[in-house]
Each structure stands twice: as structure tokens, then as C-alpha cells.
Amino acid sequence: MGRTVLHSIADRVARRARSGEPGVRLASLLRLVDHMPVAVMTVDPGSLEISYLNEACRRTFADVALAVPVPLDALVGTPVDMLLGRDPDQLRRLLAGSGTLPERSRQRFGERTLEAVVWRLDGLEDAAPTGVLLWQDVSTEIEAATRAGRLARQDGLTGLLNRDAFRERLDVVLAGPDAAACLLYVDLDGFKTVNDVHGHLVGDMLIRQAATRLRDAADRAEGTVGRVGADEFVVLLPHGDLDRAAAVADGIVSRLGLPYRLGTERHARVSASVGIAHAPAHGTDAETLVARADMAQYAAKEAGKGSVRVFAGWMEEQVRERVRLEAALRRAIEHEEGLFVFYQPIVDIETGTVTGREALARWHDPSHGWVPPGQFVPVAEESGLIEALGRLVLRRACQDAAGWADEARVAVNVSAEQLGHGTLVEAVLSALTASGLAPARLELEVTETALLPVDAAASVAELTYLREAGVRVALDDFGTGYSSLAHLRAFPFDKIKIDGSFVREAVERSDSAAVVRAVAELGRRLEVTTVAEGVETQDQLDRVRAEGCVEVQGYFYGRPVPSDRDAAVVAGLG
Ligand code: C2E
Ligand code: MG
Ligand code: MG
């Protein structure tokens, strides 16, 4: 803008000059700009004295009058370098023509910042060259730019450094010659459930409070905090002392473990797992250090909620092993090699007849041997392989069950990860069609997590559709998860399976027996079959019968075994 205005001034001056009016002087020509909305000031290029200000310029300086070193009335005649805060000689040289113009120059006046565009006007017939300065208050612009810069570096929810900004900070710290630092990777345990059950707004509230607690803890240790994931934070400590870092980590675990007040009525608890890595021993670059602190955090989580772990070499090996396991599982699923489905009977507690069999996936890998489902199912879930694995189990289970002489039902486990993506209905229907199995003979077992959040509409819709098609749906492992009666209302289950942990404890512990009894009673009221899982002994069987369970499943009646077709192959694998 400055450039255009100045050009137009120069143009007018030049036109007037060309028009040949006698005695036209620059000062009188510049009166043209007296009422222009742009702040114009002229200076003598030699003395640098201000020779003229227009109205707008007066107003601009009136706004910052308190911070201007001379009274407003005395501005004309004052050397302009006093306003510009620049070396007068340099300014003189600039106005004399040795330098590229226009040049911008910023100067703070108290809270405000003014910018001058310095220009030189010459080539007039009888006038000496004149310095022209166009002033503008650029404070708002600067504030906005600073704010944008800050926003780009800040996590919007918590105001902590975001991932990129934290990473930059870490890079700077690690770049020093004797760089030493401790990095804490903090992950909240149980946050996902709070988020799923209460919704994102409440989840956000919790994250903000956790961030405040974390910042307090870090401040005392002169640490810097960043947020690097939904419920993942990093703390950078300016020293490499592991003992001190562990003490900070313990403090963080206890602070983050205190209850959170979420709105007026609601409270929630989560815990934190912390992994620690330090430079230079565990890494001298940001990427390695963060990755290793994260691995240590993973190990802390495995060690149990609220733990702290320092990075060790075996953790890296564990991660590599997991990567290898995932690759092997991918191959096994692709080639349908080494994957089997075993069946375990589910028995009517009164008559002893087998009413159904639960299909349980089994995997034998050439280099890992038999991998338990408790290990490979989570790998499949986290890597997205569960979809293909689920299809494979469904297809084989329906096929095998179609050949059973006793026409018992087959129960297939469906992971929460398989629900809500619009793929389950097709997978189930195609398994039924291919095998010719009647839908009523297929039972899907889902755990409560499949129904989280409570309004998991897509998941409920899929299960509802299948149930209307005649497929039965069971709630698996009841009592272990979030165990909310809301889930029993959210979906009309055909069966509730009471988790084996209660069944095994029911003989010795009255509270576990009470849980079994309460669920059995609930089942009777809701007209839902209750199954006691994990029955291993006569005592346990007697107990769950006394508490009112309708069916039982467990080693007492039979372990999971391969289908007749697979039996020989499985025996060969040992
Ligand atoms: P689940 O669905 O609760 O399956 C019951 C688990 O209890 C099975 O473990 C079974 O072998 C075990 N079990 C049965 N009776 C007894 C007993 O008397 N005592 C003891 N100690 N255990 C007993 P498994 O086969 O290791 O499976 C573990 C979990 O892996 C299953 O728990 C299920 O959640 C998951 N899983 C297994 N196959 C599949 C599958 O094809 N798809 C999915 N999504 N998950 C599966
Ligand atoms: Mg099950
Ligand atoms: Mg179960």
C-alpha cells in the first residue's frame, strides 16, 4: 500500500511540475496529502530534520504520544532518527541514494509498534530531494502473527507444546556438545474407557486437568511438557540423572492417579504409566530417545497400572519380536497356514447335554510354536488383521458345525474391533451361506467393550440386524470389564457368560459367589441363559449350580479340541 500511495504522490507532484505552474514548491504540493488517510512525514535528507507531517501522521503519533521522546508540537524540526532509533549517518546515506528504497523500519512506542516505509522523492524541478516516511501502526498485525506462531506450537486442548514444538525443543537440547537430558513418556491408563463411556467432552475435561497436574509436577523439576497423543505426554528434564527423573516420574504417577472431578456430579480415576530414557546413554537424537522412552512406557504398562520403567535393551528386542509376530500372523492368515479352530463344549447344567461348542482360534507358527490367543488376538486387533482372522474363524466354524451330528450350536468370538465397520454382517451371512448352517445355530460372543461407547450405534445396528436374521448374540466375560447393567439394556442378549475368574473363586470367596448368584438371578429375570465359564472341578460345578447358572463350560467337561479333520495335523505339530 505504501508504495502505491507514494507513487501517486510522486505522480501528482511530477504532473504539477510538468504543468509548468510557476513557483510550485514541494511543501505546497504536499498539502495535497494533508488530508490523506495515510500517515506521511517528510524529512530533510541532510539534516534529517522532520519538515512536515500530515493529519494522519499527527494522529498516529498522538496515539503513542506518551512514548514519543519529543512533544507532538515539536516534531517538526526534530531529527527523525530520534523516532526511528537508527544510526543517523546510515539513514543519511540511505536518503542520499546509496541503498535500495523503500526500506521498512520498525520502532516500538510503548505497547505499540509503528512501521515506517522510508522513501526518497526527487527529480523535481526546483526542489531538493526529500525523504518521505509513511507511518503505520502494525501492532495488531504483529500480535496476530505472534499468536499464530504460538498456536502452531501449542496443543489446542491443553496449551502444552504440541508434538512438533516439543520435538524442536528436544532437538535444541540434544544439539549441545555435552547434552544430557531425561525424557519421560507418560501414558494414561483407562482414559479410553472414560472417553467411551462419558463422551469426548468429559474426556477433554480429564485431559485438561491431567495436563495441569503434569505441568505443575514438571515445573518443580524445571521440566518442559508436551502432548504427543490423545492421552500421551512427554516431559523433558534438563539433566541426565535417572534417579531424580524416577522421583519425578513417581510424583507424576501419584498426582495423575488422584480422582478427577468432571462436571458437577461426576468423578473418574485413571492411572499413569511412565517410561524413562536418558541422553546420551539411551540415544543422542530426539527420535531414538522418544522411541525408547515410549518402549519403556509400554513395559511399564505391561508391568501393571501406575508403574515406572527405565529403558533397557530387552524392551527393544520385545518390540522387534512383536513386529516379527505380526508379520508371521499376516503370512499365516494370507496362506491359511498353521491356523486352526478348536471347539470346547458348552453343557446344560441339568441334563448334561452339549448345547453348543465355543470356537477358539489356535495358531502354530514354525518359529514361535503354539502362540496363545491371549497373545495373537491383541496383535491381530492392533494391526487390523482381526478382520481377516475373524472371517477365517467364522467360515471354518460354520463349516464344521454344519457337519455335527448332534446339531449343537457353534459360538464364535467377535472382537470389538470387528464391529462398527460395516463388515461383520457380510462376513457372517457369507459364512452361513457357504456352509448352509441355520442362523439359529450360530452364536456370536461379544464383550462389553464392543458396546462402548454406550451409544455405539453402528455396532448395535450390526448386531441387531444379525439377531433379526436369527443369529444369537452372547455377552462374553461378564464381570471383568466395565460391567454395566446399561449394556444389558443396550442390547437384547440371548446369553450372558460369567467370566471364569468369578467361577473359580466362587468356591472360596463369598463375594465372587455373590456375583455369580446376582448374574444368574438377573438372567432368570431377563429370560437370558447364563453360562458359568471356566468350571474345572466338581466343587465349582456344584457351586455354580447352587447359584442358579443354566449352562457350564470348562475343563471339567472338556478342553478345547481340534475338529476331526484337523486332529491328525495338530497331533503332528506337538
Ligand atoms: P473367551 O472367549 O472367554 O474363551 C474362553 C477361554 O477360557 C478360552 O481361552 C478357553 O480355552 C479358556 N477356558 C475354557 N475352560 C477353561 C477352564 O476350565 N479353565 C481355564 N483356566 N480356562 C478355560 P483361549 O482359547 O486361550 O482364548 C482366550 C481368549 O481369546 C478368548 O476368551 C477370546 O476372548 C479370545 N479368542 C479366542 N479365539 C478367538 C477368535 O477366534 N476371535 C476372537 N476375536 N477372539 C478369540
Ligand atoms: Mg468367548
Ligand atoms: Mg469368556
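Which helix gives the largest share of the lining of the second largest pocket? The first legend below answers this for the predicted model shown above.

**View 1. The second largest pocket of the predicted model, with its lining residues.** The largest share of this lining comes from α11, which gives 7 residues. In total, 18 residues line the second largest pocket. Those that lie nearest its centre are Tyr298, Glu302, Gln318, Val319 and Arg322. At least two lining residues each are supplied by β6 (181-189), α11 (286-303), α12 (313-335) and α13 (373-383). By class, the lining of the second largest pocket holds 8 nonpolar, 3 polar and 7 charged residues. The space in this pocket comes to about 440 Å³.

**View 2. The largest cavity and the residues that line it.** The count of cavities of 30 Å³ or more comes to 1. About 50 Å³ of space lies in the largest cavity. Its lining is made up of Glu387, Gly390, Arg391, Gln418, Thr423, Leu424 and Ala427. Two elements, α14 (386-402) and α15, give two or more residues to this lining. Of the elements, α14 gives the most, with 3 residues. Sorted by class, the lining of the largest cavity has 2 nonpolar, 3 polar and 2 charged residues.

**View 3. Strand β17 and the strands that pair with it, β16 and β18.** Strand β17 covers residues 442-446, and 5 of its 5 residues are buried. In a regular strand, side chains alternate between the two faces of the sheet. In β17, Leu442, Leu444 and Val446 point one way, while Glu443 and Glu445 point the other way. The residues on both sides are buried. Strand β16 (residues 409-413) pairs with β17 in the parallel sense, over 4 bridges. In this pairing, Ala411 has Glu443 of β17 as its bridge partner. Between β16 and β17 the chain passes through helix α15 (residues 424-435), and this β-α-β crossover is right-handed. The pairing of β17 with β18 is also parallel and has 4 bridges. Here the bridge partner of Glu445 is Ala474 in β18.

**View 4. The magnesium ion (ligand 2) and its protein donors.** Which residues give donor atoms to the magnesium ion (ligand 2)? They are Glu358 (OE), Asn413 (OD1), Glu445 (OE) and Asp476 (OD), at 2.0 to 2.2 Å from the ion. Along the chain, these donor residues follow the spacing E-x54-N-x31-E-x30-D. Two of them link distant parts of the chain: Glu445 in strand β17 and Asp476 in strand β18 are 31 residues apart. Glu445 has a relative accessibility of 1%, so Glu445 counts as buried, the cut-off being under 20%. The relative accessible area of Asp476 is 6%, and Asp476 is therefore buried as well.

**View 5. Glu358, a donor of the magnesium ion (ligand 2), in its strand.** Glu358 lies in strand β14, which covers residues 354-365. Is Glu358 buried or exposed? Glu358 is buried because its relative accessible area is 4%, and buried means under 20%. Phe342 is 16 residues from Glu358 along the chain, and the C-alpha atoms of these residues are separated by 8.0 Å.

**View 6. The magnesium ion (ligand 3) and the residue that it shares with the magnesium ion (ligand 2).** The protein donors of the magnesium ion (ligand 3) are OD of Asp476, OD of Asp477 and two OE entries of Glu533. These donors lie 2.0 to 2.4 Å from the ion. In sequence they follow the spacing D-D-x55-E. Asp476 and Glu533 join distant parts of the chain, since they are listed 57 residues apart. Asp476 is in strand β18 (residues 472-478), whereas Glu533 is in the loop between β20 (529-532) and α20 (538-547). Both Asp476 and Glu533 are buried. How far apart do the two magnesium ions bridged by Asp476 lie, and what are their ligand numbers? The magnesium ion (ligand 2) and the magnesium ion (ligand 3) lie 3.8 Å apart.

How values were computed:
Residues are numbered from 1 along each chain as its sequence is written. Chains are lettered from A and ligands numbered from 1 in the order in which they are written. This is a predicted model: local features need pLDDT of at least 70, side-chain atom pairs count only at pLDDT 80 or more; totals for chains, interfaces and linings use all residues. Side-chain values use heavy atoms; hydrogens and water are left out. Donors are N, O and S atoms within 2.8 Å of the metal (3.2 Å for Na, K and Ca); water is not among the atoms, so sites may look incomplete. Buried means under 20% relative accessible area, exposed over 50%, partly exposed in between (1.4 Å probe, protein chains only). On a 1 Å grid over the protein atoms alone, a cavity is a set of points where a 1.4 Å probe fits but cannot get out, and a pocket is an open set with protein on both sides within 12 Å along at least five of seven lines; lining residues have an atom within 4 Å of a point. Grid points are joined across faces, edges and corners, and a volume is the space filled by probe spheres set on the points. Ala, Val, Leu, Ile, Met, Phe, Trp, Tyr, Cys and Pro count as nonpolar, Asp, Glu, Lys and Arg as charged, and the others, Gly among them, as polar. Two strands pair if DSSP finds at least two bridges between them. A crossover is right-handed if, with the strands pointing away from the viewer, the path from the first strand over the helix to the second runs clockwise.
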